[in-house]
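Reader: Hi! I've got a new model open and could use a hand finding my way around it. Mind if I fire some quick questions at you?

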Amino acid sequence: MVRQIVILLTLLVVTGSCKAQGTGGSDIKKNKNMERTTERFDTSTYYMKRQGHEYQFEHYLRGKVRQFGGDNGSDFVEYARKEKSLFGTYKEYYNKTRTLKKVGQYYYNEFNIGVWKVYDENGYLIETIDKDAPYKNYPWEKVSQFIKEELKLDLFDKGVHVGRYVDAKSSTPIWHITWNPYDGKIYFVKINAATGQIIEQGANKIRK
């Protein structure tokens, strides 16, 4: 009887050990299959060359780069955009580990665009955010075409602004285009991004 009890306890221990090992192996395999980044913020160059609270430089691939942050435990932030590009790259890094925290594209003067990625402090991807999802029926390509062909505007003109948002009351995704032809007025067009229809347009006098 005693011998049977000992055998039973031994089997239970072995079984439990196998299950624990199996679970651990599954977690390791899962982590290996997850997207991971090894990108880190170059703090040595940043602190050595920054002036005031930021560091700006030209990079042959990324264009004009602006970095700031890191003080009082804050995360490091980087904006980079080429001179002749409407879009730039935003990056955010953890203060403690210097590893990449968040990365995505932005339209140079108004809004975030495309798929943004968020990583944990070990570099594993934990979230993806599709910034274009509400505007998929009338995406950026159609908006830019409308601005160029219908409004006859230059997107690189500093007086031309393009924004987008989801109306809080109606939940309608909206493109909001404004431009200043320097005639004392600000012109605007609002487009319903769900239907592609113009819902409002006009002009407002510039207050002096």
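Reader: Let's start with pockets: how much space lies in the largest pocket?
Author: Happy to help! This is a predicted model, and its largest pocket holds about 200 Å³ of space.

Reader: Nice. Which residues line the largest pocket?
Author: The lining is made of Q56, K64, V65, R66, Y79, A80, R81, Y106 and Y108.

Reader: And by class, what does the lining of the largest pocket have?
Author: There are 5 nonpolar residues, 1 polar residue and 3 charged residues in that lining.

Reader: Which strands each supply at least two residues of the lining?
Author: Those are β2, covering 63–69, and β3, covering 76–81.

Reader: How do β2 and β3 pair?
Author: They are antiparallel, with 6 bridges in the pairing. K64 in the pocket lining has R81 of β3 as its bridge partner, and R81 lines the pocket too. G69 is bridged to F76, again in β3.

Reader: What about the turn, then: how many residues lie between β2 and β3?
Author: That hairpin has 6 residues between its strands. In the turn, G70 has a positive phi of about 95°.

Reader: Stepping back one strand, how do β1 and β2 pair?
Author: β1 and β2 are antiparallel as well, and 6 bridges join them. They form a hairpin with 3 residues between them. One bridge pairs F57 with V65 in β2, and V65 is another residue of the pocket lining.

Reader: So what's the order of strands in the sheet of 7?
Author: It runs β1-β2-β3-β4-β5-β6-β7, an open sheet with antiparallel pairing. The edge strands are β1 (54–59) and β7 (125–130), each pairing on one side only. From one strand to the next, the twist averages 15°.

Reader: Changing topic: what's the order in the sheet of 4 strands?
Author: That open sheet goes β8-β9-β10-β11, with antiparallel pairing.

Reader: Why is one side of β8 and of β11 left without a neighbour in the sheet?
Author: β8 (160–166) and β11 stand at the edges and each has a single partner strand, so one side of each has no neighbour in the sheet. The twist here averages 15° from one strand to the next.

Reader: Which helix packs on that sheet?
Author: Helix α3, residues 140–149, packs there and touches β8, β9 (173–179), β10 and β11. The direction of α3 makes about 30° with that of β9.

Reader: How many bridges join β10 to β11?
Author: 7 bridges do, between residues 185–192 of β10 and residues 198–205 of β11, and the two strands run antiparallel. Among the bridge partners in β11, Q201 goes with V189 and A203 goes with Y187.

Reader: Which residue in the β10 and β11 hairpin takes a positive phi?
Author: G196 does, with phi near 80°, in a hairpin that has 5 residues between the strands.

Reader: Last thing before I set anything up: what is the mean pLDDT of the protein?
Author: The mean is 87, and 84% of the residues reach 70 or more. Over residues 1–29, though, the pLDDT is below 50. Beyond near neighbours in sequence, that stretch has 0 contacts in the model.

Reader: Got it. How should predicted coordinates be read where pLDDT is low?
Author: Where pLDDT is low, they should not be read in detail.

Reader: Thanks, that was a friendly tour!

Note on methods: Residues numbered from 1 in each chain as written. Predicted model: local features only at pLDDT ≥ 70, side-chain atom pairs only at ≥ 80, totals over all residues. Heavy atoms only, no water. Pairing = 2+ DSSP bridges. 1 Å grid on protein atoms, 1.4 Å probe; cavity = no way out; pocket = protein on both sides within 12 Å on 5 of 7 lines; lining within 4 Å. Points joined across faces, edges and corners; volume = space filled by probe spheres on them. Nonpolar A, V, L, I, M, F, W, Y, C, P; charged D, E, K, R; others polar. Axes fitted to C-alpha atoms, helices over the stretch in contact; angles between N-to-C directions. pLDDT = per-residue confidence, 0-100. Contact = heavy atoms within 4.5 Å.
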